[in-house]
Amino acid sequence: MSAFVISKRFDDYYKFVFTSRKGKAIFTSFRYELKFECEEGIDYFKNAIDTVVFEKVKSAGGKYFFKIMLEESHFATSRKYNTELLLEKGIKEIQDFAHKAEILDFTLNEVVFPD
């Protein structure tokens with residue numbers, strides 16, 4: 001199952017990463033000052049998935065990535081892909097699974113697998 005993974009950045013801001021069913025990062029959000037803003041960003045994205053525009057880009061180094069645009073605003077950026085086919089698979093994963101992806105919160109620094 002795909003997931004939105006909330007974590008704390010090195011600068012004490014929050015971010016979320018959308019991961020594929022295989023656990024690979026597909027895109028990373030911008031930073032949020034408060035955790036509830038991060039959670040609201042995920043809900044907003046999940047509810048607006050039908051209006052998302054994927055702006056495909058090729059970097060100067062020959063890698064492919066996409067920008068996620070919501071209401072003509074840059075919402076998030078994907079990871080870099082080696083081929084355009086892999087980029088398309090990343091977009092397809094979002095379109096097929098983001099609306100039902102679970103949210104995992106790793107901001108509490110609790111031990112997930114105790115001894």
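Two strands pair if DSSP finds at least two bridges between them. The legends below apply this to a predicted model.

**Figure 1. Strand 5 and strand 6, an antiparallel pair.**
Strand 5 covers residues 64–70 and strand 6 covers residues 73–78. The two strands run antiparallel and are joined by four bridges. Within this pair, K67 of strand 5 is placed opposite T77 of strand 6. Helix 2, residues 84–97, packs on the sheet and makes an angle of about 30° with the direction of strand 5. Besides strand 5, helix 2 touches strand 2, strand 3 and strand 4.

**Figure 2. The whole chain and its seven-stranded sheet.**
The protein contains two helices and seven strands. Along the sequence these elements follow the pattern β-β-β-α-β-β-β-α-β. The strands form an open sheet in the order 4-5-6-3-2-1-7, and the pairing is mixed. Strand 4 (53–58) and strand 7 (102–105) are the edge strands; each has a single partner, so one side of each has no neighbour in the sheet. On average, neighbouring strands are turned by 30° against each other, direction ignored. Strands of a sheet pair through backbone hydrogen bonds, in either the parallel or the antiparallel sense. The C-alpha trace spans about 40 × 35 × 30 Å along its principal axes. The radius of gyration is 14 Å, which agrees with the value near 13 Å for a compact globule of 115 residues. Buried residues account for 38% of the 115 residues. Of the contacts between residues at least 6 apart in sequence, 46% join residues at least 24 apart.

**Figure 3. Strand 1 between strand 2 and strand 7.**
Strand 1 and strand 2 run antiparallel and are joined by six bridges. I6 has F16 of strand 2 as its bridge partner. The two strands form a hairpin with five residues between them, and D12 in the turn has a positive phi of about 70°. With strand 7, strand 1 pairs in the parallel sense over four bridges. A3 stands opposite E102 of strand 7. Five of the six residues of strand 1 are buried, so the strand is largely enclosed by the rest of the structure.

**Figure 4. Helix 1 across the sheet.**
Helix 1 covers residues 35–47 and lies across strand 1 (3–8), strand 2 (14–19), strand 3 (25–29), strand 5, strand 6 and strand 7. The angle between helix 1 and strand 1 is about 160°. From the first C-alpha to the last, the 13 residues of helix 1 reach 19 Å, close to the 18 Å expected at 1.5 Å a residue. C38, G41, I42, F45 and K46 are the buried residues of helix 1. Seen down the axis of helix 1, these residues fall within an arc of 130°, so they line one face of the helix. An α-helix has 3.6 residues a turn, so residues three or four places apart point the same way.

**Figure 5. Helix 2 and its buried face.**
The 14 residues of helix 2 should span 20 Å at 1.5 Å a residue, and its end C-alpha atoms are 20 Å apart, which agrees. Its buried residues are L87, G90, I91, E93, I94 and F97. Viewed down the helix axis, they fall within an arc of 160°, so they line one face. This set packs against strand 2, strand 3, helix 1, strand 4 and strand 5. The face turned away from the buried side carries the exposed residues L85 and K89.

**Figure 6. The surroundings of L87 in helix 2.**
L87 has a relative accessibility of 1% and therefore counts as buried; the cut-off is under 20%. Beyond its neighbours within four places in sequence, L87 is in contact with K56, Y64, F65, F66 and Y81. L87 and V57 are 30 residues apart in sequence, and their C-alpha atoms are 9.9 Å apart in space.

**Figure 7. S20 in the loop between strand 2 and strand 3.**
S20 has a relative accessible area of 12% and is buried. Not counting residues up to four places away in sequence, S20 touches M1, S2, I26 and E93. Of these, E93 is also one of the buried residues of helix 2.

Key: Residues are numbered from 1 along each chain as its sequence is written. This is a predicted model: local features need pLDDT of at least 70, side-chain atom pairs count only at pLDDT 80 or more; totals for chains, interfaces and linings use all residues. Side-chain values use heavy atoms; hydrogens and water are left out. Axes are lines fitted to C-alpha atoms, for helices over the stretch in contact, and angles run from 0 to 180 degrees between N-to-C directions. Contact means heavy atoms within 4.5 Å. Buried means under 20% relative accessible area, exposed over 50%, partly exposed in between (1.4 Å probe, protein chains only). The expected span of a helix is 1.5 Å times one less than its number of residues. The arc is that of the directions from the helix axis to the C-beta atoms. The radius of gyration is taken over C-alpha atoms; the globule rule is 2.2 Å times the number of residues to the power 0.38.
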